[in-house]
Amino acid sequence: MAAKRPVCKYGADCYRKNPDHLKNFYHPPKTDEGAKQSKLKQTALATDSGHKTNLSESSSSGVQYAGGDDKSTTDYASDPQRSIKEKFLVDMPQDFYEFWDFCKDLNPTAPEDALKEYVGLRLVGPYLVLAGQLSTSSWEDCVLQSRYFYDTPEVQTVLESSTKIGFHIGYFSLQVAKLLKTASASTKLSEFNKKLTAKCNELGYHVSESSNCRTRNKKVVAKCFNKIGIVVPVDDNDVGYRPLPMTNGELKKTLDKILSSKSKSEAYEPLEETLSFVQFANDECDYGMGLELGIDLFCHSDQFHELVTSLLPLAYELLNRPAFAKIVKQHLMKRK
C-alpha cells in the first residue's frame, strides 16, 4: 500500500513530522546506519527536552524556545531542526518548514531569495540554517542574526525587507501571509498572492489573524511600551503578576524627565521606588512585574542599559524562560 503513494521528494532524509504529510507521501526506510543515527538523535532530543520552557508565550506563536547548549555540534544536513535549536535556541513550528518548501518551489536554487521579486523580502534567521549558510556560526552569533534594536527576546525574525531598512517580520504573533498587506499592488504581487493562497489552502492555513493570536491577547496581563504586552502564569490566588505603581503614561513621563533633568537624583526617585516594588514582587513570586518594567525600559531608549541588564535576564530566569535570558543578555552586550 505504501508504495502506491507518491514518494516524498526528500526521501529518507525528510524532516517533516506533519501526520498528513507522512500519510500522503511514501518515505523510504533509512539504512541501518541511518536508523541508528536517527535513534541516537531521538534519544538526545528526549534527554534535552528538560531544557524546554513550558510557557504560554512559547505556544502562542508555535515557537518553542529551548535552553540551548553552549556549543553547537549538530550538522545541518543530518538534522536541520536540531541545528536550528542549537543555533537559535528555538524549535520552529511546522509552518516554518512548510513555508521554506513553498519558497523552494518558487526558487529551487536560492529559496531564501524567492520573495525578493514579489514583495521585496528575504528569508533570514533560522532559514539561513536551512540554506546552509550558518554551519560554522555559534549560537551567540546566530541569536543576533537580524535582531533589531527594539526586538525583545520573544521575537524571532524570519523575514526582512531588502529595500526598506528596519522592516522585518518574525515569530511572536506572526502570520507570514500578512506581508501581502504591506506590499504595493503589482502583477508580481498578484501572482505571488495566488500561489501563497493556494499553498495555504492546500495545507489548511488561513490567511488572517490566527486563533493563537486571539488566545494570547486574552492572556495579556499588561500592555507594555511595545504594545504587544506580556503573558505570565498567574495562579488561582493571583500570584504571578502585580501591576506597576504607575501607568504607562506616568512611567514614560518619569523616564523622559530623568533623561532631560539636570538633577538626576531627584528625577530618579519615582523610578527607584518602582524598583523597590519590583524587588518585593520578586520575593513574593510576582515575577511579571519585573518583566513589565524591564521591557518598558528596554523599549524606551538605550539610556537605561544597566537597569535593563539587571531586570530582564533575572525576570526571564525567575519565569523559567532561560533561553530568553540568554538571548537578551547577548543582545544587550551588542546592542547599539
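Leu271, Thr274, Leu275, Phe277, Val278 and Ala281 of helix α12 meet Met289, Gly290 and Leu293 of helix α13, where contact means heavy atoms within 4.5 Å. Sort the residues of this contact by type and you get seven nonpolar, two polar and no charged. For that sorting, Ala, Val, Leu, Ile, Met, Phe, Trp, Tyr, Cys and Pro count as nonpolar, Asp, Glu, Lys and Arg as charged, and the others, Gly among them, as polar. Helix α12 covers residues 264-283 and helix α13 covers residues 288-300; the two pack at an angle of about 145°, with their axes 8 Å apart. Those axes are lines fitted to C-alpha atoms, for helices over the stretch in contact, and angles run from 0 to 180 degrees between N-to-C directions.

A few ground rules: this is a predicted model, so local features need pLDDT of at least 70 and side-chain atom pairs count only at pLDDT 80 or more, while totals for chains, interfaces and linings use all residues. Residues are numbered from 1 along each chain as its sequence is written, and side-chain values use heavy atoms, with hydrogens and water left out. Helices (H or I, at least four residues) and strands (E, at least two) are DSSP runs, numbered from the N terminus.

What do the buried residues of α11 pack against? They pack against α12 and α13. The buried residues in α11 are Leu251, Thr254, Leu255 and Ile258; buried means under 20% relative accessible area, exposed over 50%, and partly exposed in between (1.4 Å probe, protein chains only). Looking down the axis of α11, you find its buried residues within an arc of 95°, so they line one face of the helix. The arc is that of the directions from the helix axis to the C-beta atoms. On the face turned away from that buried side sit the exposed residues Lys253, Lys257 and Ser260. As for its length, α11 runs over residues 248-260, and its 13 residues should span 18 Å at 1.5 Å a residue, which agrees with end C-alpha atoms 18 Å apart. The expected span here is 1.5 Å times one less than the number of residues.

Now for the sheet. Three strands make an open sheet in the order β3-β4-β5, with antiparallel pairing. Strands β3 (121-123) and β5 are at the edges with a single partner strand each, so one side of each has no neighbour in the sheet. On average, neighbouring strands of this sheet are turned by 30° against each other, direction ignored. Helix α5 (residues 94-106) packs on the sheet and touches β3, β4 and β5, its direction making about 115° with that of β3.

Strands count as paired if DSSP finds at least two bridges between them. Three bridges join β3 to β4, and four bridges link β4 (residues 156-161) with β5 (residues 168-171). Among the matched residues, Leu121 has Ser161 in β4 as its bridge partner, Glu160 has His168 in β5, and Leu159 stands opposite Ile169 in β5. Is β4 buried or exposed? Six of its six residues are buried, so β4 is largely enclosed by the rest of the structure. The hairpin of β4 and β5 has six residues between the strands, and Gly166 there takes a positive phi near 95°.

Two residues other than glycine also have a positive phi:

| Residue | Phi | Loop | Relative accessible area |
|---|---|---|---|
| Asp238 | near 65° | between α10 (211-219) and α11 | 56%, exposed |
| Cys285 | near 70° | between α12 and α13 | 36%, partly exposed |

One more loop residue is Leu89, found between α4 (80-88) and β2 (90-91). Leu89 is buried, with a relative accessible area of 0%. Leu89 and Cys142 are 53 residues apart in sequence, yet they lie 9.2 Å apart in space, C-alpha to C-alpha.
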